[in-house]
Number of protein chains: 2
Amino acid sequence: MYEGVIQTLIDELGRFPGIGPKSAQRIAFFVVQDAKYDPSTLAGLLATIRETIHYCITCGNLTENEQCSICSDPRRDHSTICVVEEAKDVAAIERTREYDGVYHVLGGVINPMNGVGPEQLNLKTLIKRLGDETVTEVILATNSTVEGEATSSYLSRMIQPIGVTVTRLASGLPVGADLEYADEITLGRAFSGRRNVE
Amino acid sequence: MYEGVIQTLIDELGRFPGIGPKSAQRIAFFVVQDAKYDPSTLAGLLATIRETIHYCITCGNLTENEQCSICSDPRRDHSTICVVEEAKDVAAIERTREYDGVYHVLGGVINPMNGVGPEQLNLKTLIKRLGDETVTEVILATNSTVEGEATSSYLSRMIQPIGVTVTRLASGLPVGADLEYADEITLGRAFSGRRNVE
(Lines give C-alpha, C1' and ligand atoms only; values in the text may rest on other atoms or scores of the structure.)
Protein backbone atom coordinates (compact mmCIF):
# COMPACT_ATOMS: atom_id res chain seq x y z
CA MET A 1 0.00 0.00 0.00
CA TYR A 2 2.86 2.35 0.83
CA GLU A 3 6.09 2.89 -1.02
CA GLY A 4 8.89 0.40 -0.39
CA VAL A 5 10.65 1.15 2.86
CA ILE A 6 7.61 2.57 4.72
CA GLN A 7 5.67 -0.64 4.04
CA THR A 8 8.71 -2.67 5.16
CA LEU A 9 8.79 -0.64 8.39
CA ILE A 10 5.04 -1.18 8.93
CA ASP A 11 5.46 -4.92 8.33
CA GLU A 12 8.39 -5.15 10.77
CA LEU A 13 6.51 -3.21 13.48
CA GLY A 14 3.47 -5.44 12.86
CA ARG A 15 5.51 -8.46 14.01
CA PHE A 16 5.52 -7.13 17.58
CA PRO A 17 2.98 -8.84 19.87
CA GLY A 18 -0.27 -6.89 20.22
CA ILE A 19 0.50 -4.55 17.31
CA GLY A 20 -2.02 -4.79 14.44
CA PRO A 21 -1.71 -3.19 10.99
CA LYS A 22 -3.34 0.11 12.09
CA SER A 23 -1.09 0.52 15.13
CA ALA A 24 1.96 -0.43 13.05
CA GLN A 25 1.03 2.23 10.49
CA ARG A 26 0.54 4.85 13.21
CA ILE A 27 3.92 4.03 14.79
CA ALA A 28 5.65 4.01 11.37
CA PHE A 29 4.42 7.54 10.59
CA PHE A 30 5.48 8.64 14.07
CA VAL A 31 8.97 7.20 13.47
CA VAL A 32 9.28 8.88 10.08
CA GLN A 33 7.71 12.23 10.84
CA ASP A 34 7.66 13.17 14.53
CA ALA A 35 9.93 16.16 15.05
CA LYS A 36 10.70 15.35 18.69
CA TYR A 37 11.52 11.68 18.11
CA ASP A 38 14.92 10.31 17.14
CA PRO A 39 14.73 6.66 15.99
CA SER A 40 18.50 6.16 16.27
CA THR A 41 18.36 5.39 20.03
CA LEU A 42 16.00 2.47 19.49
CA ALA A 43 17.95 1.42 16.38
CA GLY A 44 21.11 1.14 18.48
CA LEU A 45 19.33 -0.80 21.24
CA LEU A 46 17.77 -3.28 18.81
CA ALA A 47 21.08 -3.80 17.04
CA THR A 48 22.93 -4.80 20.21
CA ILE A 49 20.31 -6.12 22.66
CA ARG A 50 20.71 -9.80 21.80
CA GLU A 51 24.46 -9.58 22.48
CA THR A 52 23.99 -7.46 25.62
CA ILE A 53 21.38 -9.57 27.40
CA HIS A 54 22.19 -13.04 28.72
CA TYR A 55 20.48 -15.54 30.98
CA CYS A 56 21.79 -15.45 34.56
CA ILE A 57 23.91 -18.59 35.06
CA THR A 58 22.30 -19.16 38.48
CA CYS A 59 18.58 -18.45 38.06
CA GLY A 60 17.92 -17.96 34.33
CA ASN A 61 16.70 -14.37 34.71
CA LEU A 62 17.71 -11.83 32.05
CA THR A 63 20.83 -9.82 32.84
CA GLU A 64 23.65 -7.86 31.27
CA ASN A 65 26.20 -9.67 33.46
CA GLU A 66 27.05 -13.30 34.11
CA GLN A 67 24.83 -13.30 37.21
CA CYS A 68 21.72 -11.14 37.68
CA SER A 69 21.58 -8.35 40.27
CA ILE A 70 19.30 -10.40 42.54
CA CYS A 71 21.47 -13.54 42.62
CA SER A 72 24.60 -11.47 43.20
CA ASP A 73 23.03 -9.41 46.02
CA PRO A 74 24.30 -10.69 49.44
CA ARG A 75 21.43 -8.86 51.25
CA ARG A 76 18.83 -11.17 49.64
CA ASP A 77 17.75 -14.32 51.46
CA HIS A 78 19.42 -17.08 49.43
CA SER A 79 17.68 -19.83 51.44
CA THR A 80 14.32 -19.20 49.70
CA ILE A 81 13.88 -19.72 45.96
CA CYS A 82 10.77 -18.49 44.16
CA VAL A 83 10.18 -20.45 40.94
CA VAL A 84 8.51 -18.46 38.14
CA GLU A 85 7.71 -19.10 34.48
CA GLU A 86 9.25 -16.06 32.82
CA ALA A 87 11.67 -13.20 33.53
CA LYS A 88 8.78 -10.72 33.53
CA ASP A 89 7.24 -12.57 36.49
CA VAL A 90 10.37 -11.67 38.49
CA ALA A 91 9.68 -8.00 37.79
CA ALA A 92 6.02 -8.39 38.79
CA ILE A 93 6.98 -9.96 42.14
CA GLU A 94 9.75 -7.40 42.76
CA ARG A 95 7.15 -4.64 42.37
CA THR A 96 5.23 -6.01 45.37
CA ARG A 97 8.30 -5.38 47.62
CA GLU A 98 7.04 -8.35 49.69
CA TYR A 99 9.76 -10.83 48.81
CA ASP A 100 13.45 -10.72 49.67
CA GLY A 101 14.51 -14.20 48.58
CA VAL A 102 15.95 -15.23 45.23
CA TYR A 103 14.33 -16.56 42.04
CA HIS A 104 14.51 -19.34 39.53
CA VAL A 105 13.16 -18.70 36.02
CA LEU A 106 11.91 -21.83 34.24
CA GLY A 107 11.66 -20.21 30.82
CA GLY A 108 8.19 -21.68 30.20
CA VAL A 109 5.76 -24.28 31.52
CA ILE A 110 5.16 -27.93 30.84
CA ASN A 111 2.78 -27.96 27.89
CA PRO A 112 2.49 -31.28 26.03
CA MET A 113 0.21 -29.67 23.40
CA ASN A 114 3.10 -27.39 22.33
CA GLY A 115 5.69 -30.15 22.79
CA VAL A 116 7.21 -28.59 25.92
CA GLY A 117 8.25 -31.22 28.46
CA PRO A 118 10.26 -30.84 31.71
CA GLU A 119 13.50 -31.35 29.74
CA GLN A 120 12.90 -28.07 27.85
CA LEU A 121 12.73 -26.08 31.08
CA ASN A 122 15.59 -24.63 33.12
CA LEU A 123 15.42 -27.43 35.71
CA LYS A 124 18.95 -28.84 35.85
CA THR A 125 20.35 -25.71 37.50
CA LEU A 126 17.37 -25.69 39.92
CA ILE A 127 18.18 -29.23 41.09
CA LYS A 128 21.84 -28.23 41.42
CA ARG A 129 20.82 -25.21 43.55
CA LEU A 130 18.67 -27.43 45.79
CA GLY A 131 21.62 -29.76 46.31
CA ASP A 132 23.22 -26.87 48.18
CA GLU A 133 22.02 -27.31 51.79
CA THR A 134 21.36 -23.59 52.40
CA VAL A 135 18.03 -23.73 50.53
CA THR A 136 15.13 -24.34 52.95
CA GLU A 137 12.04 -23.31 50.98
CA VAL A 138 10.91 -23.34 47.35
CA ILE A 139 7.90 -21.15 46.51
CA LEU A 140 6.10 -22.29 43.38
CA ALA A 141 4.88 -19.12 41.65
CA THR A 142 3.89 -20.42 38.23
CA ASN A 143 0.71 -18.90 36.77
CA SER A 144 -2.68 -20.06 38.00
CA THR A 145 -3.42 -21.66 34.59
CA VAL A 146 -3.83 -25.33 33.71
CA GLU A 147 -0.19 -25.51 32.49
CA GLY A 148 1.08 -23.49 35.45
CA GLU A 149 -0.71 -25.76 37.91
CA ALA A 150 0.55 -28.89 36.14
CA THR A 151 4.13 -27.59 36.21
CA SER A 152 3.72 -26.69 39.86
CA SER A 153 2.56 -30.25 40.74
CA TYR A 154 5.41 -31.74 38.73
CA LEU A 155 7.97 -29.57 40.56
CA SER A 156 6.45 -30.25 43.95
CA ARG A 157 6.66 -34.03 43.36
CA MET A 158 10.26 -33.58 42.18
CA ILE A 159 11.42 -31.33 45.05
CA GLN A 160 9.62 -32.72 48.12
CA PRO A 161 11.74 -35.94 48.26
CA ILE A 162 14.86 -33.73 48.56
CA GLY A 163 13.52 -32.59 51.96
CA VAL A 164 12.97 -28.92 51.10
CA THR A 165 9.72 -27.16 52.10
CA VAL A 166 7.61 -26.57 48.98
CA THR A 167 4.89 -23.89 49.02
CA ARG A 168 2.50 -22.53 46.40
CA LEU A 169 1.23 -18.94 46.08
CA ALA A 170 -2.24 -18.47 47.63
CA SER A 171 -5.19 -18.68 45.27
CA GLY A 172 -8.33 -16.68 46.08
CA LEU A 173 -10.23 -13.46 45.50
CA PRO A 174 -8.14 -10.64 44.01
CA VAL A 175 -8.02 -7.54 46.24
CA GLY A 176 -10.91 -5.19 45.42
CA ALA A 177 -12.89 -7.96 43.70
CA ASP A 178 -16.62 -8.36 44.08
CA LEU A 179 -17.60 -11.80 45.41
CA GLU A 180 -20.63 -11.85 43.11
CA TYR A 181 -18.45 -11.69 39.97
CA ALA A 182 -15.78 -14.19 41.04
CA ASP A 183 -15.76 -17.42 39.02
CA GLU A 184 -16.63 -20.64 40.86
CA ILE A 185 -13.11 -22.07 40.86
CA THR A 186 -11.59 -18.91 42.34
CA LEU A 187 -14.34 -18.69 44.95
CA GLY A 188 -13.90 -22.38 45.75
CA ARG A 189 -10.16 -21.85 46.22
CA ALA A 190 -10.82 -18.82 48.43
CA PHE A 191 -12.96 -21.08 50.66
CA SER A 192 -10.55 -24.00 50.81
CA GLY A 193 -7.64 -21.64 51.51
CA ARG A 194 -9.41 -19.59 54.20
CA ARG A 195 -7.31 -18.38 57.13
CA ASN A 196 -7.88 -17.59 60.82
CA VAL A 197 -8.62 -13.93 61.44
CA GLU A 198 -5.76 -12.50 63.51
CA MET B 1 12.28 -1.98 37.65
CA TYR B 2 14.39 -3.99 35.21
CA GLU B 3 18.15 -4.03 34.81
CA GLY B 4 19.71 -1.22 32.77
CA VAL B 5 19.32 -1.91 29.07
CA ILE B 6 15.97 -3.78 29.28
CA GLN B 7 14.42 -0.81 31.08
CA THR B 8 15.95 1.54 28.48
CA LEU B 9 14.39 -0.59 25.74
CA ILE B 10 10.99 -0.56 27.51
CA ASP B 11 11.21 3.23 27.89
CA GLU B 12 12.10 3.74 24.21
CA LEU B 13 9.25 1.46 23.04
CA GLY B 14 6.90 3.33 25.40
CA ARG B 15 7.51 6.52 23.40
CA PHE B 16 5.58 5.04 20.46
CA PRO B 17 2.01 6.34 20.14
CA GLY B 18 -0.57 3.99 21.67
CA ILE B 19 2.04 1.87 23.50
CA GLY B 20 1.64 1.92 27.29
CA PRO B 21 4.10 0.52 29.85
CA LYS B 22 2.57 -3.00 29.77
CA SER B 23 2.69 -3.26 25.96
CA ALA B 24 6.23 -1.85 25.92
CA GLN B 25 7.29 -4.50 28.43
CA ARG B 26 5.65 -7.26 26.40
CA ILE B 27 7.34 -6.10 23.19
CA ALA B 28 10.72 -5.71 24.94
CA PHE B 29 10.62 -9.33 26.16
CA PHE B 30 9.59 -10.44 22.67
CA VAL B 31 12.55 -8.54 21.19
CA VAL B 32 14.99 -10.03 23.71
CA GLN B 33 13.71 -13.60 23.86
CA ASP B 34 11.64 -14.67 20.84
CA ALA B 35 13.54 -17.38 19.00
CA LYS B 36 11.93 -16.62 15.62
CA TYR B 37 12.48 -12.86 15.75
CA ASP B 38 15.61 -11.04 14.62
CA PRO B 39 15.67 -7.41 15.81
CA SER B 40 18.46 -6.44 13.40
CA THR B 41 16.07 -5.83 10.46
CA LEU B 42 14.10 -3.22 12.39
CA ALA B 43 17.34 -1.81 13.83
CA GLY B 44 18.62 -1.21 10.29
CA LEU B 45 15.35 0.37 9.16
CA LEU B 46 15.20 2.72 12.15
CA ALA B 47 18.83 3.75 11.69
CA THR B 48 18.34 4.83 8.08
CA ILE B 49 14.65 5.71 7.66
CA ARG B 50 15.01 9.43 8.27
CA GLU B 51 17.64 9.68 5.53
CA THR B 52 15.70 7.39 3.17
CA ILE B 53 12.30 9.08 3.34
CA HIS B 54 11.78 12.58 1.94
CA TYR B 55 8.77 14.75 1.25
CA CYS B 56 7.74 14.70 -2.44
CA ILE B 57 8.77 18.08 -3.94
CA THR B 58 5.42 18.31 -5.75
CA CYS B 59 2.76 17.15 -3.28
CA GLY B 60 4.46 16.73 0.11
CA ASN B 61 3.69 13.00 0.34
CA LEU B 62 6.35 10.69 1.79
CA THR B 63 8.66 9.06 -0.74
CA GLU B 64 12.08 7.54 -1.19
CA ASN B 65 12.65 9.57 -4.37
CA GLU B 66 12.50 13.25 -5.22
CA GLN B 67 8.92 12.88 -6.45
CA CYS B 68 6.42 10.31 -5.13
CA SER B 69 5.15 7.45 -7.28
CA ILE B 70 1.73 9.12 -7.73
CA CYS B 71 3.06 12.50 -8.89
CA SER B 72 5.48 10.84 -11.29
CA ASP B 73 2.84 8.49 -12.76
CA PRO B 74 1.72 9.80 -16.20
CA ARG B 75 -1.42 7.57 -16.10
CA ARG B 76 -2.85 9.57 -13.17
CA ASP B 77 -5.18 12.50 -13.87
CA HIS B 78 -3.00 15.53 -13.08
CA SER B 79 -5.91 17.98 -13.56
CA THR B 80 -7.53 16.96 -10.24
CA ILE B 81 -5.78 17.56 -6.91
CA CYS B 82 -7.09 16.00 -3.71
CA VAL B 83 -5.92 17.97 -0.66
CA VAL B 84 -5.37 15.88 2.49
CA GLU B 85 -3.99 16.53 5.96
CA GLU B 86 -1.41 13.76 6.29
CA ALA B 87 0.49 11.24 4.17
CA LYS B 88 -1.54 8.41 5.75
CA ASP B 89 -4.73 9.94 4.30
CA VAL B 90 -3.26 9.37 0.82
CA ALA B 91 -2.93 5.68 1.64
CA ALA B 92 -6.51 5.57 2.96
CA ILE B 93 -7.89 7.12 -0.27
CA GLU B 94 -5.69 4.92 -2.48
CA ARG B 95 -7.21 1.87 -0.79
CA THR B 96 -10.68 2.87 -2.09
CA ARG B 97 -9.42 2.58 -5.71
CA GLU B 98 -12.02 5.27 -6.55
CA TYR B 99 -9.63 8.11 -7.26
CA ASP B 100 -7.13 8.45 -10.10
CA GLY B 101 -6.11 12.08 -9.66
CA VAL B 102 -3.12 13.39 -7.73
CA TYR B 103 -2.74 14.60 -4.13
CA HIS B 104 -1.49 17.46 -2.07
CA VAL B 105 -0.46 16.78 1.54
CA LEU B 106 -0.81 19.80 3.87
CA GLY B 107 1.20 18.27 6.70
CA GLY B 108 -1.41 19.32 9.29
CA VAL B 109 -4.47 21.52 9.76
CA ILE B 110 -5.01 25.10 10.84
CA ASN B 111 -5.23 24.93 14.63
CA PRO B 112 -4.79 28.26 16.43
CA MET B 113 -4.88 26.46 19.83
CA ASN B 114 -1.66 24.62 18.90
CA GLY B 115 -0.19 27.66 17.15
CA VAL B 116 -0.59 26.20 13.65
CA GLY B 117 -1.56 28.84 11.10
CA PRO B 118 -1.77 28.60 7.29
CA GLU B 119 1.92 29.60 7.02
CA GLN B 120 2.95 26.33 8.79
CA LEU B 121 1.17 24.22 6.16
CA ASN B 122 2.46 23.07 2.77
CA LEU B 123 0.47 25.74 0.87
CA LYS B 124 3.06 27.59 -1.22
CA THR B 125 3.60 24.63 -3.52
CA LEU B 126 -0.20 24.13 -3.76
CA ILE B 127 -0.67 27.71 -5.00
CA LYS B 128 2.22 27.16 -7.45
CA ARG B 129 0.54 23.99 -8.74
CA LEU B 130 -2.78 25.81 -9.19
CA GLY B 131 -0.99 28.49 -11.24
CA ASP B 132 -0.41 25.74 -13.82
CA GLU B 133 -3.53 25.91 -15.99
CA THR B 134 -3.96 22.14 -16.32
CA VAL B 135 -5.57 21.91 -12.84
CA THR B 136 -9.39 22.06 -13.10
CA GLU B 137 -10.60 20.71 -9.72
CA VAL B 138 -9.41 20.73 -6.15
CA ILE B 139 -11.08 18.20 -3.82
CA LEU B 140 -10.83 19.20 -0.16
CA ALA B 141 -10.43 15.96 1.78
CA THR B 142 -9.40 17.24 5.20
CA ASN B 143 -10.92 15.37 8.15
CA SER B 144 -14.49 16.07 9.18
CA THR B 145 -13.30 17.64 12.46
CA VAL B 146 -13.57 21.28 13.60
CA GLU B 147 -9.97 21.96 12.49
CA GLY B 148 -10.40 20.02 9.24
CA GLU B 149 -13.58 21.97 8.37
CA ALA B 150 -11.91 25.30 9.23
CA THR B 151 -8.91 24.43 7.05
CA SER B 152 -11.26 23.38 4.27
CA SER B 153 -13.14 26.74 4.40
CA TYR B 154 -9.87 28.64 4.44
CA LEU B 155 -8.60 26.75 1.39
CA SER B 156 -11.88 27.11 -0.47
CA ARG B 157 -11.83 30.91 0.06
CA MET B 158 -8.20 30.97 -1.09
CA ILE B 159 -8.64 28.79 -4.18
CA GLN B 160 -12.04 29.84 -5.58
CA PRO B 161 -10.82 33.31 -6.78
CA ILE B 162 -8.21 31.50 -8.93
CA GLY B 163 -11.10 30.08 -10.95
CA VAL B 164 -10.61 26.39 -10.13
CA THR B 165 -13.60 24.22 -9.13
CA VAL B 166 -13.40 23.45 -5.41
CA THR B 167 -15.28 20.44 -3.98
CA ARG B 168 -15.53 18.88 -0.53
CA LEU B 169 -15.92 15.19 0.29
CA ALA B 170 -19.54 14.23 1.01
CA SER B 171 -20.57 14.15 4.65
CA GLY B 172 -23.33 11.75 5.73
CA LEU B 173 -24.08 8.32 7.12
CA PRO B 174 -21.20 5.82 7.03
CA VAL B 175 -22.01 2.70 4.98
CA GLY B 176 -23.54 0.04 7.21
CA ALA B 177 -24.50 2.59 9.88
CA ASP B 178 -27.80 2.49 11.73
CA LEU B 179 -29.80 5.73 11.39
CA GLU B 180 -30.88 5.43 15.00
CA TYR B 181 -27.32 5.67 16.29
CA ALA B 182 -26.08 8.47 14.02
CA ASP B 183 -25.29 11.75 15.80
CA GLU B 184 -27.47 14.77 14.95
CA ILE B 185 -24.80 16.64 12.99
CA THR B 186 -24.04 13.65 10.76
CA LEU B 187 -27.75 12.99 10.22
CA GLY B 188 -28.32 16.68 9.46
CA ARG B 189 -25.49 16.61 6.91
CA ALA B 190 -26.94 13.46 5.36
CA PHE B 191 -30.25 15.32 4.88
CA SER B 192 -28.77 18.53 3.52
CA GLY B 193 -26.51 16.57 1.16
CA ARG B 194 -29.26 14.21 -0.10
CA ARG B 195 -29.09 13.23 -3.75
CA ASN B 196 -31.56 12.25 -6.47
CA VAL B 197 -32.00 8.51 -6.78
CA GLU B 198 -30.71 7.42 -10.19
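I began by fixing a term: a salt bridge is a side-chain nitrogen of Lys or Arg within 4 Å of a carboxyl oxygen of Asp or Glu. With that in hand I opened the model, which is predicted.

**Entry: a salt bridge in chain A**

I looked up Glu149(A) and found it in a salt bridge with Arg168(A), with 3.5 Å between the closest N and O atoms. I then checked where the partners sit: Glu149(A) is in helix 6 (residues 146-159) of chain A and Arg168(A) is in strand 6 (residues 165-168) of chain A, so the pair ties together parts that are 19 residues apart in sequence. I noted Glu149(A) as partly exposed, at 23% relative accessibility. Arg168(A) is also partly exposed, and its relative accessible area is 30%. I followed the charges onward and found a network of salt bridges that links Glu149(A), Arg168(A) and Arg189(A).

**Entry: other salt bridges**

How many salt bridges are there over all chains? I get ten by this rule.

I picked Arg75(A) next, whose side chain meets that of Asp73(A) in a salt bridge at 3.2 Å, N to O. I like this one for its two settings: Arg75(A) is exposed at 72% relative accessibility, whereas Asp73(A) is buried with a relative accessible area of 16%.

Over in chain B, I found Arg76(B) in a salt bridge with Glu94(B), the closest N and O atoms lying 2.9 Å apart. I placed Arg76(B) in the loop between strand 2 (62-63) and strand 3 (77-84) of chain B, and Glu94(B) in helix 4 (residues 87-96) of chain B; the pair links distant parts of the chain, 18 residues apart. Is Arg76(B) buried or exposed? I have it as buried, at 14% relative accessibility. Its partner Glu94(B) counts as partly exposed, at 22%. The cut-off for buried is under 20% relative accessible area, so Glu94(B) falls outside that class.

**Entry: where chain A meets chain B**

I moved on to the interface. Chain A brings 50 residues to the contact and chain B brings 50 residues. I noted a buried area of about 5,100 Å² between chain A and chain B, with 67% of it coming from carbon and sulfur atoms. Which three residues supply more than any others of the area that chain A buries against chain B? I found Glu3(A), Leu46(A) and Arg50(A), which supply 14% of that area.

I looked for salt bridges between chain A and chain B, and the count is zero. Polar contacts are there, though: I have 13 residue pairs across the interface of chain A and chain B, both residues at pLDDT 80 or more.

I also asked which elements of chain A touch chain B. Helix 1 (4-13), helix 2 (21-33), helix 3 (40-52), strand 2 (62-63) and helix 4 (87-96) of chain A each give at least two residues to that side. By class, I sorted the side of chain A that touches chain B into 28 nonpolar, ten polar and twelve charged residues.

**Entry: a charged residue of chain B**

I stopped at Glu12(B), which has its place in helix 1 (residues 4-13) of chain B. Glu12(B) is buried, at a relative accessible area of 9%. What does Glu12(B) contact, leaving aside neighbours within four places in sequence? I listed Tyr37(A), Thr41(A), Leu42(A) and Leu45(A).

**Entry: aromatic rings**

I found eight aromatic pairs over all chains. I took Phe16(A) and Phe30(B) for a look: the ring centres are 6.3 Å apart and the planes stand at 85°, so the pair is edge-to-face. Phe16(A) is in the loop between helix 1 and helix 2 of chain A, and Phe30(B) is in helix 2 (residues 21-33) of chain B, so this pair joins two chains. I checked burial too, and both Phe16(A) and Phe30(B) are buried.

Phe30(B) also forms an aromatic pair with Tyr37(B), which is tilted, with 4.7 Å centre to centre and 45° between the planes. I have Tyr37(B) down as buried, like Phe30(B). Ring pairs thus link Phe16(A), Phe30(B) and Tyr37(B) into a cluster.

**Entry: a serine in chain B**

My last stop was Ser156(B), in helix 6 (residues 146-159) of chain B. I noted Ser156(B) as buried, with a relative accessible area of 18%. Not counting residues up to four places away in sequence, Ser156(B) touches Leu140(B), Pro161(B) and Val166(B).

Methods: Residues are numbered from 1 along each chain as its sequence is written. Chains are lettered from A and ligands numbered from 1 in the order in which they are written. This is a predicted model: local features need pLDDT of at least 70, side-chain atom pairs count only at pLDDT 80 or more; totals for chains, interfaces and linings use all residues. Side-chain values use heavy atoms; hydrogens and water are left out. Contact means heavy atoms within 4.5 Å. Buried area is the accessible area (1.4 Å probe) that two parts lose on being put together, summed over both. A polar contact is a pair of N or O atoms within 3.5 Å; within protein, one must be able to donate a hydrogen and the other to accept it, and residues adjacent in sequence count only if both atoms are side-chain atoms. Helices (H or I, at least four residues) and strands (E, at least two) are DSSP runs, numbered from the N terminus. Ala, Val, Leu, Ile, Met, Phe, Trp, Tyr, Cys and Pro count as nonpolar, Asp, Glu, Lys and Arg as charged, and the others, Gly among them, as polar. Rings of Phe, Tyr and Trp (its six-membered ring) pair if their centres lie within 6.5 Å; planes under 30 degrees apart count as stacked, over 60 as edge-to-face and the rest as tilted. Buried means under 20% relative accessible area, exposed over 50%, partly exposed in between (1.4 Å probe, protein chains only).
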